[in-house]
Amino acid sequence: MRNNEFIRAVRLESKLKKEKTVLLMEALSASISKILSEGDSLSIQGFGTFELKKKNERLSVNPSTGKRFMIPPKLLPVFRPGISLKNKVKNFGSDEQ
Amino acid sequence: MNNKFLLQDLVQSILETNDLDKKEVETFVRAYFAVIERALFEEEYIKINDLGKFSLQKVEARKSVNVTTGEAFEIKAHYKLAFVPDVKLREIANKPFEHLEAVELDAEPELTQDEAINPNKPITKEDNIMEKKEKTVFVVTDKPAANEKKTPPAPPKPKKGKLVAWIVFVVIMCALIIFALYKTLSPDTKVQLPVDDVVTEIEPTTPAVEETSAPAPKVVDPSSWETLKVVRLERGKRLTLLAQEYYGNKVFWVYIYEANKDQIKNPNKILAGTKIRIPKADPAVINAKDPESVRIAQEKETKYRAQFSK
C-alpha cells in the first residue's frame, strides 16, 4: 500500500475530513520523530514499540581495495512488533493455506 | 531520555502542535495503526511517508536442534515483520552522531589491520602461525631499544676507583642524553615513513632482504627466471595458493612475489585480475622436499611479513 492509499484508508477508517487527515498525518510523523529524537520510545498497545537502537562503531574493509574504514556509531530507529501482532504475523501464511 | 510513551502521550504530543479536538486525534491515531496492521495482512507491504516501510517477510523452514535435549526439529516457514525507517526519520534519530563520518584508517599499526583483513579471507592454520610470527617480530624490533637502556647501568657495579666510576657515570649520562634525543627525534622520522609511497618503502628494504639471505650462497633473482605460466589472479586467491599449486609448498610464494615485484606493491593486498607471472621453478632453489630451500623461503617470508606489516 502506498502513502496516498494509506491516507485514504485512514480517512475512511477514522471518518475525518481529508484536510484534517493530511494535517494529522504530518503531525503524527513529526511527533514520532520528536519522541525518538529525544531518546524515548513509543509503544502502541496491540501494535508494537518504536524505539532507538544504538549501533556501535565498527571496522569495515573495502574488499576490492583493502582500505579500512572506521564506521562511526549511530542511532537507528527500530520497530518491535508487540506480542499479539507478532503472533498474527507469524501465523499469517498458515492461516491462508 | 528513555521514557516510555504510550498512545495517550502520543495524542497529547500531537495536540500540542495544533488545536484539534482530542477525541478526533485519538480516533485518528487508532485508525492510523489499525490501517497499518490491516494493510500489512492484505498486501504484505505498506509505505508511509516520513515514517518508513512495513513489510511481511517470509522466513523459510529450517532445521534446528533443541539445545537441552539435542533433538533435531524443524522450524516451520513463517513470516516476520520488517520495518525500514524513512531516511528523514533516520536522520532525525541520528542527530547526536550526525557529525561523525567514516574514517579511513591506514596510518595505524598493522596488528589491527591484519585482524581486519583476515576475516575476508579463509583463515587457515598457517595464517594463525604467521600472525604469531609477526607479533614476535614486532616485539623483537622493540627490544633493542629497551636493552640500550638497561645495559649501560650495569658497568658501575665493578668499582675499580672513584675516577673510573665517575667516567663511567659521565659516559652513561651521555648515552642516556643521546638516547633521549634519538627517541624524541625518531617519532618524526618514523611518522614520515608510512606516509611515503609504498614503492619507496620497498626499494630500500629489498637489498636488505638479499643480504640477509646471503648465508645461502646463491643469489636468487626470480624475476630473471623463465616464465612457466602467466595467471590472472582470481578473487580470493592468494600467492600462497598459487605457490602450493605450482611448487608444492605455500612458502614459495615469496619467489612468485619477487618475480612480480613490479606488479605487486603489497603482497597482502593484490587486486583481483592482476596478471601474475609464475616463474619456472629452479630445482636448486624451489624444492618442496628440500628442507633447506624451504627454510630459506621461510626466512624471506618472515622478512616480507615484517616489511609489509608496517
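## Briefing on chains A and B

Lys15(A) lies in the loop of chain A that links helix H1 (3-14) to helix H2. This residue belongs to a predicted model, and its phi is near 60°, a positive value in a residue other than glycine. Chain A, to which Lys15(A) belongs, contains four helices and five strands, while chain B contributes an open sheet of three strands. The points below take up chain A as a whole, then single loop residues, and then the sheet.

**Chain A as a whole**

- Read from the N terminus on, the elements of chain A follow the order α-α-β-β-β-β-β-α-α.
- Chain A has 97 residues, of which 46% count as buried, and the chain exposes about 5,500 Å², with carbon and sulfur atoms supplying 49% of that area.
- If one takes the contacts in chain A between residues at least 6 apart in sequence, 31% of them join residues that are at least 24 apart.

**Loop residues**

- Lys15(A), in the loop between H1 and H2 of chain A, counts as exposed because its relative accessibility of 72% is over the 50% cut-off.
- Gly39(A) sits in another loop of chain A, the one between helix H2 (18-37) and strand S1 (41-44), and it is buried because its relative accessible area of 15% falls under 20%.
- The C-alpha atom of Gly39(A) is separated by 9.3 Å from that of Lys53(A), a residue 14 positions away along the chain.
- In chain B, Glu44(B) has its place in the loop between helix H2 (22-43) and strand S2, and its phi is near 65°, again a positive value in a residue other than glycine.
- With a relative accessibility of 31%, Glu44(B) counts as partly exposed, because that value lies between the 20% and 50% cut-offs.

**The sheet of chain B**

- The three strands of the open sheet are arranged in the order S2-S3-S6, and their pairing is antiparallel.
- Strands S2 (45-48) and S6 (78-85) of chain B stand at the edges with a single partner strand each, so one side of each of them has no neighbour in the sheet.
- From one strand to the next, the twist averages 20°.
- Strand S3 (residues 52-59) of chain B pairs with S6(B) in the antiparallel sense over eight bridges, and within this pair of strands Lys53(B) has Val84(B) in S6(B) as its bridge partner.
- Helix H3 (residues 83-90) of chain A packs on this sheet and touches S3 and S6 of chain B, its direction making about 125° with that of S6(B).

Technical notes:
Residues numbered from 1 in each chain as written. Chains lettered and ligands numbered in written order. Predicted model: local features only at pLDDT ≥ 70, side-chain atom pairs only at ≥ 80, totals over all residues. Heavy atoms only, no water. Pairing = 2+ DSSP bridges. Helix = DSSP H or I, 4+ residues; strand = E, 2+ residues; numbered from the N terminus. Axes fitted to C-alpha atoms, helices over the stretch in contact; angles between N-to-C directions. Contact = heavy atoms within 4.5 Å. Buried < 20%, exposed > 50% of the residue type's maximum accessible area, 1.4 Å probe, protein only. Areas by Shrake-Rupley, 256 points an atom, 1.4 Å probe, with all protein chains shown as cover.
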